[in-house]
Structure formats: structure tokens, C-alpha cells
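Work through the exercises below with the model open. Try each task before reading its solution.

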Amino acid sequence: RSLKLPPMLGYLAAGILIGPHALALAQNSESVRHLGEFGVVFLMFAIGLEFSLPKLRAMQREVFGLGLLQVLITMLLIAGGTLLLAQWLGGVWDVSWQTALALGGTLAMSSTAIVVKLMAERAELESEHGRRIMGILLFQDLAVVPLLVLIPALAAAPEDLLPALGWASLKAVVLVA
């Protein structure tokens, strides 16, 4: 609150700090994982509350044009840059294409709640660039679900990768539909 940032950022920072990879205050990884899964479910619920089908139809060019373009270009640039960096650093930082793609997908997303709050404070929501930003944010909100399904499939063994990605893609389409 003293930094005047949304509570969601505080929750994320606290989770990172108390998690098993920082201060390790939460030792039972299985319990933490289950709690994290509930957090993802609640996040999806919150995204669903923000989602408006009429708004999506009215902004379909911004959402499915500009939003898709932003996510794809960002994912490809980050994944490509990660792979180039891994090649340049040699054995110091070994990254597979699956890891690079997952990293690209993660970094292509932004927080709708934070960005909308900032835009509302600046009275930019109804401006032309505000509509474009909202289109990108709506697509990112939609893209979170397929990414959450596809990323675990990338960890499959090489011989099972194609069927795992196919099954995950089918699940993602059903979830978004």
C-alpha cells in the first residue's frame, strides 16, 4: 500500500519470498503446489469476471489482430533471444527450445489489473491508444489459458512431445471455447 501498487503485486512478491526457492519459509512443496493451483483457479475466475463477450465482439480487430500479433512477436523474440544467448554463453546457460518458448510465453503477458488501473488513473481508457491497449490485454487474458495448458506439455519426452502438444492444444481450444 505504501508503494501505491495493486495488492496483486504484493501477493506475488510475498509468494516468491516465502516460497521454497527464496527464504524457504514454506517447506512442504506438495501443499504449496496445491495452494498455487487454487490460486490459478481463482485467477481464471477473476479474468472471467472481467471478460465481456459484447466488448470482445466490438474490439475483435484490436483483440485478435493487434493482441495476437503482440503475443506472437514477443514470444518469438524472447524465445529466439534466449536461444541465441544460450548458444553464445555455451555450456554456462543451457536452454532447450521448449524452455525458451515457455519463457517467451510467460514474458509476453502483462497484468490487466495493473495496466487498466494505471490507464484509468490517467483517463486514457477511452482514447485510441487505450482501446488498442485494452485489445492487447484482452487477448493476453484469453491466451493465458492455452499457455497454462501447453507449457506442461512441453516437458514431455521427445518421443511423446507431438501427442502431448496435440492433446494440450485440444484442451486449450475447449477451455477457450
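**Exercise 1. Place T82.** Which residues does T82 touch, not counting residues up to four places away in sequence?

*Solution.* Step 1: apply the contact cut-off, heavy atoms within 4.5 Å. T82 then touches W93, V95, A100 and L103. Step 2: find the element. T82 is part of helix α4, residues 60–89; helices are DSSP runs of H or I with at least four residues, strands are E runs of at least two, and numbering starts at the N terminus. Step 3: check burial. Buried means under 20% relative accessible area, exposed over 50%, partly exposed in between (1.4 Å probe, protein chains only). T82 has 6% relative accessibility, so T82 counts as buried.

Ground rules: this is a predicted model, where local features need pLDDT of at least 70, side-chain atom pairs count only at pLDDT 80 or more, and totals for chains, interfaces and linings use all residues. Residues are numbered from 1 along each chain as its sequence is written, and side-chain values use heavy atoms, with hydrogens and water left out.

**Exercise 2. Describe α4.** Find the span of α4, its buried residues and their packing partners.

*Solution.* Step 1: α4 has 30 residues and reaches 42 Å from first C-alpha to last. The expected span is 1.5 Å times one less than the number of residues, and for α4 that is 44 Å, close to the 42 Å found. Step 2: list the buried positions. They are E62, V63, G67, V71, T74, M75, A79, T82 and A86. Step 3: these buried residues pack against α3 (53–58), α5 and α7. Step 4: look past the end. G90 follows α4 and has a positive phi, near 70 degrees.

**Exercise 3. Map the core.** Which members of the largest nonpolar core touch the most other members?

*Solution.* Step 1: build the set from buried Ala, Val, Leu, Ile, Met, Phe, Trp, Tyr and Cys residues joined through side-chain atoms within 4.5 Å. Step 2: of its 16 residues, V63, V71 and M109 touch the most other members. Step 3: α4 and α7 (128–153) each supply at least two residues of this core. The largest share, eight residues, comes from α7. Step 4: inspect M109. Beyond four places in sequence, M109 contacts V71, Q140, A143, V144 and L147.

**Exercise 4. Check Q98.** Is Q98 buried or exposed?

*Solution.* Step 1: locate Q98 in helix α5, residues 97–107. Step 2: its relative accessible area is 16%, so Q98 is buried. Step 3: leaving aside neighbours within four places in sequence, Q98 contacts L154 and L161.
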